[in-house]
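Student: I should like to learn how to read the features of a protein model, one at a time. May we begin with a single residue and work outwards?

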Amino acid sequence: MMSPKNPQQLLLDIKLDESVSLENFIKCDSTNTVLSILGNVVESSSISSSFLLWGREGVGKNYLMQALNRDLLNQNMKTAFVALSDPRINEPEILNGLDQMDAVFIEDLDKLRDSEEWESALFNLINQSLFNETKLFLSSQCVAQDLTVRLKDLRSRLLAFTAIEIPEITENEKIEALKQSAERKGIELEERTVKYILTYTSRNLSDLLKLLSELDDFSLEKKKKLSPSLVRELLSERSSSLHI
């Protein structure tokens, strides 16, 4: 379906977030190379038009895919975004005609259904996109050669994609990521609160940044300053809701 807020976006799975951009992704030694490469893609100075972003769960692939999407939309490009892990994306025909867009984003390639129909549909999309000079962005938890793909021609096409590894950042960089995100949100984040979060919650980058957003809303709701005790209160409410 088409997004009423932005007719350029073929909205198949995501909610557009105005704050998401490459500029707002965590900047540190581990991500500098990735951000430089993706920045060139947005500026159309990359010689490639087909990219595979790969890395472990939680390293930021989803954020970067949405950031690329948002940045291209800001250039008035027409885009489509599909997440193969979404149970609503259950028919390969959803890929038909996407080559008419300026850019297509397909998340969770490692979740591609093991069927001839799906593999053929993806193969056709890649071929048509190459012909129409449509940019293709895929994401996966593994590199192309480790994907379970039976169609040899599709495997060959995927191996030709420019592979970009999204690295796991260091513990110190996760602390910096929280501080950077807090600063953008106008949140006062004390060192003791950062240490508490890293000690008692997931160290997955995506989970950490999601938690910070939840804490921002929670502190406003409770009218309390962000602190270790507020983090404990939110985690307790989370746990209680899981057992209802």
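Tutor: Certainly. Leucine 212 is a suitable starting point; this residue is placed in helix α7. Please bear in mind throughout that the model is a predicted one.

Student: Is leucine 212 buried or exposed?

Tutor: The criterion is relative accessible area, and a residue counts as buried when that value is under 20%. Leucine 212 has a relative accessible area of 0%, so this residue is buried.

Student: Which residues does leucine 212 touch, if those up to four places away in sequence are not counted?

Tutor: The residues touched by leucine 212 are Leu178, Ser181, Ala182, Ile187, Leu189 and Leu226. A separation in sequence may also be set beside a distance in space. Leucine 212 and leucine 130 are 82 residues apart in sequence, and their C-alpha atoms lie 40 Å apart in space.

Student: How is the packing of two helices described in general?

Tutor: Two packed helices are described by the angle between their axes together with the distance between those axes. Here, helix α5, residues 171-185, and helix α7, residues 205-222, have axes that come within 10 Å and cross at roughly 35 degrees. The crossing of α5 and α7 is right-handed.

Student: Which residues make the contact between these two helices?

Tutor: From α5 the contributors are Lys174, Ala177, Leu178, Ser181, Ala182 and Lys185. From α7 they are Leu205, Leu208, Leu209, Leu212, Ser213 and Asp216. By character, the residues of this contact divide into seven nonpolar, two polar and three charged.

Student: Lysine 185 is one of the contributors from α5. What is the exposure of lysine 185?

Tutor: Lysine 185, which lies in helix α5, has a relative accessible area of 37% and is therefore partly exposed. Leaving aside neighbours within four places in sequence, lysine 185 is in contact with Ser213 and Asp216. The C-alpha atoms of lysine 185 and serine 213 are 8.5 Å apart in space, while the two residues are 28 residues apart in sequence.

Student: Let us turn to the backbone. What should one expect of phi?

Tutor: Most residues other than glycine have a negative phi. Asparagine 76 is not a glycine, yet it has a positive phi of about 65 degrees. Glutamate 133 also has a positive value, with phi near 60 degrees, and is likewise a residue other than glycine.

Student: Where are asparagine 76 and glutamate 133 found?

Tutor: Asparagine 76 is in the loop between α2 (61-73) and β3. Glutamate 133 is in the loop between α3 (116-132) and β5 (135-140). With a relative accessible area of 59%, asparagine 76 is exposed, and glutamate 133 is exposed at 68%.

Student: What can be said of the elements on either side of the loop that holds asparagine 76?

Tutor: One residue from each will serve. Leucine 73 lies in helix α2 and counts as buried, at 4% relative accessibility. Leucine 73 and leucine 159 are 86 residues apart in sequence and 27 Å apart in space, C-alpha to C-alpha. Alanine 80 lies in strand β3, residues 79-83, and its relative accessibility of 0% means that alanine 80 counts as buried. Between alanine 80 and serine 49 there are 15 Å in space, C-alpha to C-alpha, for a sequence separation of 31 residues.

Student: How many helices and strands does the whole chain have, then?

Tutor: The chain has eight helices and six strands. Read from the N terminus on, the order of the elements is β-α-β-α-β-β-α-β-α-β-α-α-α-α.

Student: Why is the chain described as being as compact as a globular protein of that length?

Tutor: The radius of gyration is 19 Å, close to the 18 Å that the globule rule gives for 244 residues, so the chain is as compact as a globular protein of that length. Along its principal axes, the C-alpha trace spans about 55 × 45 × 40 Å.

Student: Which figures describe burial, contacts and surface for the chain?

Tutor: Of the 244 residues, 50% count as buried. Among contacts with a separation of 6 or more, 72% are accounted for by residues 24 or more positions apart. The accessible surface comes to about 13000 Å², and 48% of this belongs to carbon and sulfur atoms.

Definitions and conventions. Residues are numbered from 1 along each chain as its sequence is written. This is a predicted model: local features need pLDDT of at least 70, side-chain atom pairs count only at pLDDT 80 or more; totals for chains, interfaces and linings use all residues. Side-chain values use heavy atoms; hydrogens and water are left out. Axes are lines fitted to C-alpha atoms, for helices over the stretch in contact, and angles run from 0 to 180 degrees between N-to-C directions. Helices (H or I, at least four residues) and strands (E, at least two) are DSSP runs, numbered from the N terminus. A crossing is left-handed if the near helix is turned anticlockwise from the far one by less than a right angle, and right-handed if clockwise. Contact means heavy atoms within 4.5 Å. Ala, Val, Leu, Ile, Met, Phe, Trp, Tyr, Cys and Pro count as nonpolar, Asp, Glu, Lys and Arg as charged, and the others, Gly among them, as polar. The radius of gyration is taken over C-alpha atoms; the globule rule is 2.2 Å times the number of residues to the power 0.38. Buried means under 20% relative accessible area, exposed over 50%, partly exposed in between (1.4 Å probe, protein chains only). Accessible areas come from the Shrake-Rupley method with a 1.4 Å probe; for residues, only the protein chains shown count as cover.
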